Amino acid sequence: MKRLQLLATVICLFGAQAEPARTPRIINGQIAPNVGYNAYVLYSTETYQGFFGGGTIISNRHVLTSARIIRGYVQWDIGVGSNVFVRLTILKSKTATSHPQFDPNTAANDIGIITLPESLVFTSNIYPVALPDLTTDRTNLFPFENEEGTIVGFGYTSGISTDRSDLLQQSFQRVTADAVCEGLYQTTLAQHFCAKDIVQLSNMCIGDVGVGFVTYVRGRPTVTGITSYVREICGTTSPTGFTRVQYYRDWIRTVTQL
């Protein structure tokens, strides 16, 4: 997994194991075990034009994702339950909500929720991840600087890939200083944060937009970010930009009652 699709000007657009398997198809990435909260998302218009990204299961009816793969689209095919693409269980949804103040030109308020047509049955292979707590403090939000998060997705595995990965990929990134993020993207804080892999230099690529940045909050895996934007094309090591989930916790509750 390398880098995701983002700003219009730059579009080129856990089950534990001892040591993640390596493969020459993944530049500094790792093959992931099945991650039950992960969702593959194929989004399309009325004429079936679209692309694919990712999301995070937060309830039996809701997938948290980027507004980029909601605004302007009418159908979402959601794949869950496996780290092997051809074994995913697919559900089709025609109901999704993007943040009303989402700006595709600046990535402001890049958050959305897909509502599933029927409830998921949770198993060892399909389960939700926790959301951050509701808070009125907008100055001390998860994740914190230098926290490590896990990101998984079926996105492109190199800058020359032309299709999604057959196997789920994972990356481990640490949150950078706010000043670094703001300098790279001229983004609004604390609505966003940035993170990068300083060890293996793995990164996001096309098809990973919308996937969750998951950290441990009081011992629970918690989705604290949504993959939103990058500075350059696939193949570089610039930090990935994320929407900070806790900042939008009230909005998520309004939409989902969670």
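Two strands count as paired if DSSP finds at least two bridges between them. With that in hand, start at β12 and β13 in this predicted model. Strand β12 covers residues 212–217, and its pairing with β13 is antiparallel, with six bridges. One spot to click on is G212, which sits opposite I226 of β13.

Now follow the chain around the turn. The hairpin of β12 and β13 has two residues between its strands, and R218 takes a positive phi there, near 50°. R218 is not a glycine, yet its phi is positive at about 50°. This residue belongs to the loop between β12 and β13, and R218 counts as exposed because its relative accessible area is 67%, where the cut-off for exposed is over 50%.

Strand β13 itself spans residues 220–229 and is mostly covered, with eight of its 10 residues buried. It also pairs with β14: the two run antiparallel and are joined by four bridges. Look at Y229 here, whose bridge partner in β14 is G241.

Stay with β14 for a moment and go to R244. Its side chain meets that of D178 in a salt bridge, at 3.9 Å from N to O. R244 lies in strand β14 (residues 240–244) and D178 in helix α1, so this contact ties together parts that are 66 residues apart in sequence. How do the two ends compare, buried or partly exposed? R244 is buried at a relative accessible area of 5%, while D178 is partly exposed at 38%. As background, side chains of opposite charge can pair when their charged atoms come close.

Both of these residues show up again in the lining of the second largest pocket, which also includes T139, N140, L141, P143, F144, E145, V175, T176 and A190. The pocket has a volume of about 150 Å³. Sorted by class, its lining holds five nonpolar, three polar and three charged residues. P143 deserves a second look while you're there: a cis peptide bond joins F142 and P143, with omega at about -5°. You'll find P143 in the loop that runs between β8 (112–115) and β9 (148–153).

Back to helix α1, which has another link to offer. How many disulfides does the structure hold? It holds one, joining C181 to C194 with the sulfurs 2.1 Å apart. This pair links distant parts of the chain, with C181 in helix α1 (residues 178–185) and C194 in strand β11 (residues 192–196), 13 residues apart. The link of C181 and C194 is right-handed, with 60° about the S-S bond. Both cysteines, C181 and C194, are buried.

Next, the remaining charge pairs. A search of the whole structure turns up five salt bridges. One of them brings together the side chains of D77 and K92, 2.8 Å from N to O. That pair also links distant parts of the chain: D77 is in strand β5 (residues 75–80) and K92 in strand β6 (residues 89–93), 15 residues apart. D77 counts as buried because its relative accessible area is 12%, and the cut-off for buried is under 20%.

Another is the salt bridge of R164 with D166, whose closest N and O atoms are 2.8 Å apart. Here R164 is buried, at 18% relative accessible area, whereas D166 is partly exposed at 44%.

Two more places are worth a visit. One is A107, in the loop between β7 (95–98) and β8. Its phi is near 70°, a positive value in a residue other than glycine. Is A107 buried or exposed? At 0% relative accessibility, A107 counts as buried. Compare R218, another positive phi outside glycine, which is exposed at 67%.

The other is the largest cavity, with about 30 Å³ of space. Its lining is made up of Y37, N38, G55, T56, V152, V211 and G212. By class, that gives three nonpolar, four polar and no charged residues. G212 brings you back to the starting point, since this residue stands opposite I226 in β13.

Key:
Residues numbered from 1 in each chain as written. Predicted model: local features only at pLDDT ≥ 70, side-chain atom pairs only at ≥ 80, totals over all residues. Heavy atoms only, no water. Disulfide = S-S within 2.5 Å. Buried < 20%, exposed > 50% of the residue type's maximum accessible area, 1.4 Å probe, protein only. 1 Å grid on protein atoms, 1.4 Å probe; cavity = no way out; pocket = protein on both sides within 12 Å on 5 of 7 lines; lining within 4 Å. Points joined across faces, edges and corners; volume = space filled by probe spheres on them. Nonpolar A, V, L, I, M, F, W, Y, C, P; charged D, E, K, R; others polar. Salt bridge = Lys/Arg side-chain N within 4 Å of Asp/Glu carboxyl O.
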